[in-house]
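Welcome, and thanks for taking a look at this one with me. Below are some numbered notes to help you find your way around.

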Amino acid sequence: MLQSFTSNSCVRLIQTHRSTWYFLFLLLGYVLYLIFGAVVFSSVELPYEDLLRQELRAIKTQFLRDNECLSEERLERFLERALEASNYGVSILNNASANWNWDFTSSLFFASTVLSTTGYGHTAPLSNAGKAFCIIYSLIGIPFTLLFLTAVVQRIMVFSTRRPITYVSTRWGLSKPPVAVVHATLLAIMAASCFFFIPAAIFSSLEENWNFLESFYFCFISLSTIGLGDYVPGESVNQKFRQLYKVGITVYLLLGLVVMLVVLETFCELQQLKTLRKMFYLKKEKPQDRLAILEHDHLAFTSVSHQTNSTSIEEVKSKDFSVPVLTSPGGDDPMIR
């Protein structure tokens, strides 16, 4: 009985901490996915990096050979300074000197990337005052942006998701879960068409050196707020209507971010995903549940104790205990009296 009680307690303990086991498996899967990504990126990109390094070394060697009056140390200092300026968005090339990074429209584009946490990194504050203001501006602006986006998405969800699903399920007498799945799929297709495929075609036609894949790559990297900064529109030489182009890109990024949040929230409200998420969440133990568990354990332990005591009593009764009677031959022993 004690073994049965112990095994039941272990099973109940495992069932109680089931979400913890699911979370551990989730953590293991995430780590393995990170390792998988690192292996793939390394195997794909490392050969290209090696070829680029060899090409740069060959160009540098040929340049020093053609200009023997220039020492390698001076060339290194010059290139180091040029690359440092390029990291701040300032180019030394003559054909790039016409584009300013801190005019109003470029600053507006930079502010939108900061508040949306996209952060392309192609432009960064140069002065200490600009860096300090960027910290304060982001500290206030990022929570403000999250609050604003949450309020906007909440209002859009009423008209884009909840009311259409309720109308269709009520009008045709369908169950809400399958209607919600179909609605989320159609909404995702519309969002991908309007904010990925069509803008990618537009960017590939406006940007001289971008093909469709690179334009689609920019749209995805931007709207997912990854913001690697390797592709930034409006930075080509002699870009037509550059000021208006930058404002349009800013509007596209903000609207696209809102639409992506609406699509994600729509998928998060699916019953199937809610059930999946609950598997990994820490279950909140209510006071009455804890009291019921304690009472169940107390009753189980009490029953086991009673059964053990009754078994002991029966064993005692089953044994024959005979008490010897003390007698003396003469019957007059004072000790026996």
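1. Which pattern does the chain follow, read along the sequence? The answer is α-α-α-α-α-α-α-α-α-α. In total the secondary structure comes to 10 helices and 0 strands. Please keep in mind that this is a predicted model.

2. Next, the chain as a whole. Of its 337 residues, 22% are buried. The accessible surface comes to about 25000 Å², and carbon and sulfur atoms account for 68% of that. If you take the contacts between residues at least 6 apart in sequence, 61% of them join residues at least 24 apart.

3. Now for the interior. The largest nonpolar core has 25 residues, and those touching the most other members are Phe-203, Cys-219, Leu-223, Tyr-252 and Leu-253. Helices α5 (128-171), α6, α7 and α8 each supply at least two residues of this core, and α8 gives the most, with 9 residues.

4. Leu-253 is a good residue to click on. Setting aside its neighbours within four places in sequence, Leu-253 is in contact with Phe-109, Thr-113, Tyr-120, Ser-222 and Leu-223. Elsewhere you will find a second, separate core of 5 residues, including Ile-165, Val-179, Ala-180 and Ala-184.

5. The aromatic rings deserve a visit too, since a pair of them can be described by the distance of the centres and the angle of the planes. This structure holds 17 aromatic pairs. In one of them, Phe-203 and Trp-210, the ring centres are 6.2 Å apart and the planes meet at 55°, so the pair is tilted. Both Phe-203 and Trp-210 are buried.

6. Trp-210 has another partner: with Tyr-231 it forms an edge-to-face pair, at 5.5 Å centre to centre and 85° between the planes. Trp-210 sits in the loop between α6 (176-206) and α7 (212-223), while Tyr-231 sits in the loop between α7 and α8 (242-268), so this pair ties together parts that are 21 residues apart in sequence. Is each partner buried or partly exposed? Trp-210 counts as buried, at 10% relative accessibility, whereas Tyr-231 is partly exposed, with a relative accessible area of 22%.

7. Stepping back, ring pairs link Phe-109, Tyr-120, Phe-195, Phe-203, Trp-210, Tyr-217, Phe-218, Tyr-231 and Tyr-252 into a cluster. Phe-109 also has a charged companion: Lys-246 lies over the face of its ring, 4.4 Å from the ring centre. In a similar way, Arg-171 lies over the face of Trp-172, at 5.5 Å from the ring centre.

Terms used. Residues are numbered from 1 along each chain as its sequence is written. This is a predicted model: local features need pLDDT of at least 70, side-chain atom pairs count only at pLDDT 80 or more; totals for chains, interfaces and linings use all residues. Side-chain values use heavy atoms; hydrogens and water are left out. Rings of Phe, Tyr and Trp (its six-membered ring) pair if their centres lie within 6.5 Å; planes under 30 degrees apart count as stacked, over 60 as edge-to-face and the rest as tilted. Buried means under 20% relative accessible area, exposed over 50%, partly exposed in between (1.4 Å probe, protein chains only). Helices (H or I, at least four residues) and strands (E, at least two) are DSSP runs, numbered from the N terminus. A charge sits over a ring if NZ of Lys or CZ of Arg is within 6 Å of the ring centre and within 35 degrees of the ring normal. Contact means heavy atoms within 4.5 Å. Accessible areas come from the Shrake-Rupley method with a 1.4 Å probe; for residues, only the protein chains shown count as cover. A nonpolar core is a set of buried Ala, Val, Leu, Ile, Met, Phe, Trp, Tyr and Cys residues joined through side-chain atoms within 4.5 Å.
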